[in-house]
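The following note is offered to a colleague who wishes to examine the charged contacts and surface features of this model. The points are numbered for ease of reference.

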Amino acid sequence: MSGLFITIEGTDGSGKTTQIKLLQKYLEEKGFNVVCTREPGGTPISEKIREIIIDKNNDEMTDMTEALLYAAARAQHTEEVILPSLKEGSVVISDRFTDSSVVYQGFARSMGERLIKNINKYAVGDLEPDITFLLKLKPEDGLSRKRKQAELDRLEAEKFSFHQRVYDGYVRLSKRCKNRIKVIDALKPVEEVHLEIKEGINELLEKNGI
């Protein structure tokens with residue numbers, strides 16, 4: 001597998017979409033073929049699953065159903081988009097990956113990290129990002145941003161305590177995975193965040209002799 005797999009994680013409203021666009025432009029200017037995608041989603045099937053997950057009318061969805069739907073969308077996404085792109089030598093940038101499930105379902109839904117990792121093992125095998133950028137933003141700041149942008153979806157509309165557990169989960173996970181997860185203060189100006197991401201990418205490229 002000759003490509004690079006980059007993921008961007010963070011609480012809702014942390015600016016992931018903006019940073020992905022800037023990173024895509026930066027890498028394309030360096031001559032890389034870049035594939036940008038998202039989770040849940042990234043393929044027609046996965047996007048349909050996404051609609052089910054975020055639909056506010058599905059308020060009776062159980063935690064296990066939610067976790068399995070995420071894994072199902074991820075399995076399709078991995079086989080149809082991520083792995084083929086990596087095999088072709090492309091740089092794949094994904095808005096969320098398995099870390100999100102560990103945090104949202106494992107920690108925030110209290111399902112347990114081991115269970116969620118086991119479920120996703122079937123979905124993605126041994127696939128893991130080469131580097132992950134966590135845009136760290138406290139839930140009160142993220143929700144304030146989201147409410148200004150659009151109507152909240154099913155997960156965004158959860159109680160504040162849920163979003164606090166998500167934030168705490170990301171902090172916990174990042175401390176355990178320091179070699180892979182690079183934490184960036186999402187309250188910094190957009191260009192400063194982008195600069196830190198570029199520095200992390202350049203270190204990765206140098207490390208891999210690219």
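**Note on salt bridges, helix faces and surface patches**

1. Arg180 and Asp99 are both buried. This comes from a predicted model and should be read as such. The two side chains form a salt bridge, with an N to O distance of 2.8 Å. The pair joins distant parts of the chain, 81 residues apart: Arg180 belongs to the loop between helix H7 (160–176) and strand S5 (181–185), while Asp99 belongs to helix H4 (residues 98–108).

2. A further salt bridge connects Asp95 with Lys16, whose closest N and O atoms are 2.8 Å apart. Asp95 is part of strand S3 (residues 91–95) and Lys16 is part of helix H1 (residues 16–29), so this pair ties together parts that are 79 residues apart in sequence. Both Asp95 and Lys16 are buried.

3. The salt bridge between Glu113 and Arg176 has an N to O distance of 2.3 Å. Here too the pair links distant parts of the chain, with Glu113 in helix H5 and Arg176 in helix H7, 63 residues apart. Is each partner buried or partly exposed? Glu113 counts as buried because its relative accessibility is 15%, under the 20% limit for that class. Arg176 counts as partly exposed because its relative accessibility is 44%, a value in between the 20% and 50% limits.

4. In general terms, side chains of opposite charge can pair when their charged atoms come close. How many salt bridges does a search of the whole structure find? The search finds 15. In addition to the pairs described above, Asp63, Glu66, Arg109, Arg154 and Glu158 are linked in a network of salt bridges.

5. Helix H2 (residues 44–54) deserves separate comment. Its residues Ser46, Ile49, Arg50 and Ile53 are buried. Seen down the axis of H2, the buried residues fall within an arc of 110 degrees, so they line one face of the helix. Pro44, Lys48 and Glu51 are exposed on the other side of H2.

6. Lys56 is placed in the loop between H2 and helix H3 (63–87). Why is Lys56 classed as partly exposed? Lys56 is so classed because its relative accessible area is 40%, in between the limits of 20% and 50%. The C-alpha atoms of Lys56 and Leu152 are separated by 8.6 Å, although these residues are 96 residues apart along the chain.

7. Which residues form the positive surface patch? The patch is made up of Lys136, Lys138, Lys175 and Lys178. One of these, Lys138, is found in the loop between strand S4 (131–136) and helix H6 (139–149). Lys138 is partly exposed, having a relative accessible area of 45%.

8. A nonpolar patch on the surface is formed by Met64, Leu68 and Leu115, which together have about 240 Å² of accessible area. Leu115 is located in helix H5 (residues 113–124). Leu115 is partly exposed, with a relative accessible area of 33%. Helix H5 also contains Glu113, the partner of Arg176 discussed in point 3.

Key:
Residues numbered from 1 in each chain as written. Predicted model: local features only at pLDDT ≥ 70, side-chain atom pairs only at ≥ 80, totals over all residues. Heavy atoms only, no water. Patch = residues over 30% accessible without salt bridge, like charges linked within 9 Å, V, L, I, M, F, W, Y side chains within 5 Å. Areas by Shrake-Rupley, 256 points an atom, 1.4 Å probe, with all protein chains shown as cover. Salt bridge = Lys/Arg side-chain N within 4 Å of Asp/Glu carboxyl O. Lys, Arg positive; Asp, Glu negative; His and termini not counted. Charge placed at Lys NZ, Arg CZ, Asp CG, Glu CD. Helix = DSSP H or I, 4+ residues; strand = E, 2+ residues; numbered from the N terminus. Buried < 20%, exposed > 50% of the residue type's maximum accessible area, 1.4 Å probe, protein only. Arc of directions from axis to C-beta.
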